[in-house]
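Reader: Could you walk me through this structure and explain the terms as we go?
Author: Gladly, let's look at it together.

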Amino acid sequence: MVKRVRPRETRADRKSGSSDRRTVKPPSAAPPAVIAWPAAPPPQPPGPSAEAVSLFQQGMEALQRHRYDQGAEAFRSLVDRFPSERALLDRSRVYLELCERELRRRPAAPRTIEERVTAATAALNNREDPQAETLARSVLAEAPEHDLALYLLAAIEARRGAQEAALALLGQAITASPEVRAQARHDVDFEILRTSEEFHRLMEAPPPPGVTASASSRRPRRLRSER
């Protein structure tokens, strides 16, 4: 009978605990999948403030109407108050320079009463009522009975629909110079007054006693523009 010879254990076998035992390592787990989320978009810079945009629009509207003083004021205010509004600053500076250049080209402001009356008449004929009113009132501040200045203010008030104010000013103009009555009868600016009894009374009444024609005949009459 053949004896089965067991293999001699080696030192390595004794150290590992068994000569025929093998250590089986479990398969390594796969690393978890990394989900790539889309990157967030960069924050957008804030737009210009509503007040800055409003000033820019005011300046552009004034520039288009050739109101260079108002345009310059709006653009200058935007540049001074909103230095961080880069989207508007460059254009505002360009338009501000344009307004200032046009203002330098303008003739000097009227100084004498006659110059202001002439300028007020031209402004009213060009439908620039605020400028005409400012000039006429500056004349009345020095000459309260200036017939043409009173007449121009009456026309401005009539355009606004202020019948009582227009009639009062027109009455003062007629008292100062009865000859303006003839022009008022055909003035289209007084169309709103033609249904008023007071207007017809002013047109038909004789000049008050002791009132003579003033020097307005030497003043420029109000020229009528084509409408």
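**Reading the fold and one helix**

Author: In this predicted model, 33% of the 227 residues in the protein chain are buried.

Reader: What makes a residue count as buried or exposed?
Author: Buried means under 20% relative accessible area, and exposed means over 50%. In helix H10, residues 197-204, the buried ones are Phe199, Leu202 and Met203.

Reader: Why do the buried residues of H10 line one face?
Author: Seen down the axis of H10, they fall within an arc of 100°, so one face of the helix holds them. On the other side of H10, Glu197 and Glu204 are exposed.

Reader: What covers the buried residues of H10?
Author: The cover includes helix H8 (163-176) and helix H9 (180-185).

Reader: What makes Ser196 a cap for H10?
Author: A side-chain oxygen of Ser196 lies 3.2 Å from the backbone nitrogen of Glu198, at the N-terminal end of H10. A polar contact needs N or O atoms within 3.5 Å, so this pair meets the distance limit.

Reader: How many helices and strands are there in the protein chain?
Author: There are 10 helices and 0 strands, so the elements read α-α-α-α-α-α-α-α-α-α from the N terminus on.

Reader: Which share of contacts joins residues at least 24 apart?
Author: Among contacts between residues at least 6 apart in sequence, that share is 61% in the protein chain.

Reader: What does the protein chain expose?
Author: About 16200 Å², with carbon and sulfur atoms supplying 55% of it.

Terms used: Residues are numbered from 1 along each chain as its sequence is written. This is a predicted model: local features need pLDDT of at least 70, side-chain atom pairs count only at pLDDT 80 or more; totals for chains, interfaces and linings use all residues. Side-chain values use heavy atoms; hydrogens and water are left out. Buried means under 20% relative accessible area, exposed over 50%, partly exposed in between (1.4 Å probe, protein chains only). Helices (H or I, at least four residues) and strands (E, at least two) are DSSP runs, numbered from the N terminus. The arc is that of the directions from the helix axis to the C-beta atoms. Contact means heavy atoms within 4.5 Å. A polar contact is a pair of N or O atoms within 3.5 Å; within protein, one must be able to donate a hydrogen and the other to accept it, and residues adjacent in sequence count only if both atoms are side-chain atoms. Accessible areas come from the Shrake-Rupley method with a 1.4 Å probe; for residues, only the protein chains shown count as cover.
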